[in-house]
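Dear colleague,

I am passing on the structure we spoke about, with the sequence alongside it. Below it you will find my notes, written for someone who has not looked at it before.

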Amino acid sequence: MASASRFVRFRRGIALPILRFVAWEVSSRTGLVDARFLPSLEDVAATAKSELIDNDLIGELGFSLMRNIAGFLIGCVLGVGFASVLALSRIADRLLMPTFNGLKQISLLAWIPLISVWFGFGEQAKIVFVALAAFIPIVLNTYDGMRQAPPDLLEVARALKFNARQKALRIYIPAAMPSIATGVHLGLIYAWLATVGAEYFLAVGPGVGGLVIAGRERFDMALVMVGVLVLGLVGFTLNRLAYALEAYLLRWRPKQTA
């Protein structure tokens, strides 16, 4: 029964993408859309094959993923740590939270000029940009989760005279784990979006973003489409991995039954 339900969901989910590809191919083949702007799937497939064999598309993707993972991990560690300080210290909360609430309203792309001045245009700047993208949702979710720790457990901690470390490890962090998992999920998604943005708006270097830029500069829309499809497939895969990671972090929770 469960396998049949998963198959039905898969069939429904795959229907619209298939229809879009059909519409894409028909539009290109019939001349409804200029093939120079929307190449056929055959041309895109041929370009993808050429990039895989001759131009090391896998290596380009590897560079993008390394930036993504490095930035995400930095943002994750700093985000959980910073949120813990805010949630567990009234002084830090009063001093730092208003400033953070103001800074989080700034568009992520608006930080690029400042990051480029402070860190240059190379790999360091790109990783910082990705880390910043992951940092914000992780801080927000971790902070909210810790602030919602059950009052009865905090009362028990006071009765047992827990120190700050014991409260953090035994009450605040376990209570905030669902929120932390949600923040990590969002951080992983935002980190990939920031990876693409960093490769596109900062200095051109190895990576899938550079592939898209090269296609744009040569007006090679087939190459641009290859880059877009790769970015979409990787983003989808990372989203599924984020769901799996969230389920793993929350595996201790009882499953809800209908």
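I14 has a relative accessible area of 33%, and because the buried class ends at 20% and the exposed class begins over 50%, I14 counts as partly exposed. Please bear in mind throughout that this is a predicted model. I14 lies in helix α1, which covers residues 2-30, and together with I18, V22 and V26 it makes a nonpolar surface patch of about 310 Å².

Turning to the aromatic rings, a search of the whole structure finds three aromatic pairs. One of them is formed by F82 and F135, whose rings are 5.7 Å apart from centre to centre with 40° between the planes, and this pair is classed as tilted. The pair links distant parts of the chain, since F82 belongs to helix α3 (residues 57-88) and F135 to helix α6 (residues 123-147), 53 residues apart. The two partners fall into separate accessibility classes: F82, at 24% relative accessibility, counts as partly exposed, whereas F135, at 17%, counts as buried.

F135 also pairs with F100, and here the ring centres are 6.3 Å apart and the planes stand at 80°, so the pair is edge-to-face. This pair, too, links distant parts of the chain, with F100 in helix α4 (residues 90-103) and F135 in helix α6, 35 residues apart. Both F100 and F135 are buried, and ring pairs link F82, F100 and F135 into a cluster.

As for the interior, the largest nonpolar core has 36 residues, and the members that touch the most other members are F72, F100, F129, Y143 and I171. At least two residues of this core come from each of α3, α4, α5 (112-119), α6, α7 (151-159) and α8 (164-201), and among these helices α6 gives the most, with eleven residues. If you would like one residue to start from, Y143 touches A83, L86, A87, D93 and M97, when residues up to four places away in sequence are not counted. Apart from the largest core lies another core, of 17 residues, which includes W24, L57, W192 and M225.

To begin your own inspection, I would suggest viewing the cluster of F82, F100 and F135, and then the surface patch made by I14, I18, V22 and V26.

With best wishes

Terms used:
Residues are numbered from 1 along each chain as its sequence is written. This is a predicted model: local features need pLDDT of at least 70, side-chain atom pairs count only at pLDDT 80 or more; totals for chains, interfaces and linings use all residues. Side-chain values use heavy atoms; hydrogens and water are left out. Patches are made of residues with over 30% relative accessible area and no salt bridge: like charges are joined within 9 Å, nonpolar side chains (Val, Leu, Ile, Met, Phe, Trp, Tyr) within 5 Å. Accessible areas come from the Shrake-Rupley method with a 1.4 Å probe; for residues, only the protein chains shown count as cover. A salt bridge is a side-chain nitrogen of Lys or Arg within 4 Å of a carboxyl oxygen of Asp or Glu. Helices (H or I, at least four residues) and strands (E, at least two) are DSSP runs, numbered from the N terminus. Buried means under 20% relative accessible area, exposed over 50%, partly exposed in between (1.4 Å probe, protein chains only). Rings of Phe, Tyr and Trp (its six-membered ring) pair if their centres lie within 6.5 Å; planes under 30 degrees apart count as stacked, over 60 as edge-to-face and the rest as tilted. A nonpolar core is a set of buried Ala, Val, Leu, Ile, Met, Phe, Trp, Tyr and Cys residues joined through side-chain atoms within 4.5 Å. Contact means heavy atoms within 4.5 Å.
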